[in-house]
Amino acid sequence: MSVDIQLNDIVKLKKPHPCGSYQWRVLRTGIDFRLRCTVCGHEVMIPREKLEKKIRRILRGDTEINPNKQ
């Protein structure tokens, strides 16, 4: 099962970044994702399979999506 993650979504992860933020902006999608921390601006590349396990919520505009309830 693949989670629907789109460009410019904000993903809330289960564990915080060392700067304290749980939220990351999606800059690139595909097999790998490029994410940017919303607080410090650090960018990482992460494989889709690994990211999907770490997501708690997806914020898309005014909508909050819980991928774990599907």
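## A walk from the core to the surface

Setting aside neighbours within four places in sequence, Val-11 touches Ile-5, Tyr-22, Gln-23, Trp-24, Val-26, Leu-35, Ile-55, Arg-57 and Ile-58. Keep in mind as you look around that this is a predicted model.

Val-11 makes a good starting point for the core. The largest nonpolar core holds 13 residues, and Val-11 is among those with the most contacts inside it, together with Ile-5, Phe-33, Leu-35, Leu-51 and Ile-55. Four strands each supply at least two residues of this core: E1 (10-13), E2 (23-28), E3 (32-37) and E5 (55-60). The largest share, three residues, comes from E3.

Now step back along the chain to the segment before E1, where you will find Asp-9. Is Asp-9 buried or exposed? Its relative accessible area is 2%, and because buried means under 20%, Asp-9 counts as buried. A polar atom of the Asp-9 side chain lies 2.8 Å from the backbone nitrogen of Gln-6. Leaving aside neighbours within four places in sequence, Asp-9 is in contact with Asp-4, Trp-24, Arg-25, Val-26, Ile-58, Leu-59 and Arg-60. Two of these partners, Trp-24 and Val-26, are also in contact with Val-11, as is Ile-58.

Asn-8 also sits in the segment before E1. Have a look at its backbone: Asn-8 has a positive phi of about 70°, although it is not a glycine.

For a contrast with Asp-9, turn to Val-39, in the loop between E3 and strand E4 (43-47). Val-39 has a relative accessibility of 59% and therefore counts as exposed, the cut-off being over 50%. Which residues does Val-39 contact, leaving aside its neighbours within four places in sequence? They are Cys-19 and Ser-21. Val-39 and Cys-19 are 20 residues apart in sequence, with their C-alpha atoms 7.4 Å apart in space.

Finally, consider the empty space. Rolling a probe the size of a water molecule over the atoms shows where such space is left. The largest pocket here contains about 190 Å³. Its lining is made up of Leu-13, Lys-14, Lys-15, His-17, Trp-24, Leu-35, His-42, Val-44, Ile-46 and Lys-54. By type, these lining residues divide into five nonpolar, two polar and three charged. You have already met two of them: Trp-24 and Leu-35 line this pocket, and both are also in contact with Val-11, where this tour began.

Note on methods. Residues are numbered from 1 along each chain as its sequence is written. This is a predicted model: local features need pLDDT of at least 70, side-chain atom pairs count only at pLDDT 80 or more; totals for chains, interfaces and linings use all residues. Side-chain values use heavy atoms; hydrogens and water are left out. On a 1 Å grid over the protein atoms alone, a cavity is a set of points where a 1.4 Å probe fits but cannot get out, and a pocket is an open set with protein on both sides within 12 Å along at least five of seven lines; lining residues have an atom within 4 Å of a point. Grid points are joined across faces, edges and corners, and a volume is the space filled by probe spheres set on the points. Ala, Val, Leu, Ile, Met, Phe, Trp, Tyr, Cys and Pro count as nonpolar, Asp, Glu, Lys and Arg as charged, and the others, Gly among them, as polar. A nonpolar core is a set of buried Ala, Val, Leu, Ile, Met, Phe, Trp, Tyr and Cys residues joined through side-chain atoms within 4.5 Å. Buried means under 20% relative accessible area, exposed over 50%, partly exposed in between (1.4 Å probe, protein chains only). Contact means heavy atoms within 4.5 Å. A polar contact is a pair of N or O atoms within 3.5 Å; within protein, one must be able to donate a hydrogen and the other to accept it, and residues adjacent in sequence count only if both atoms are side-chain atoms.
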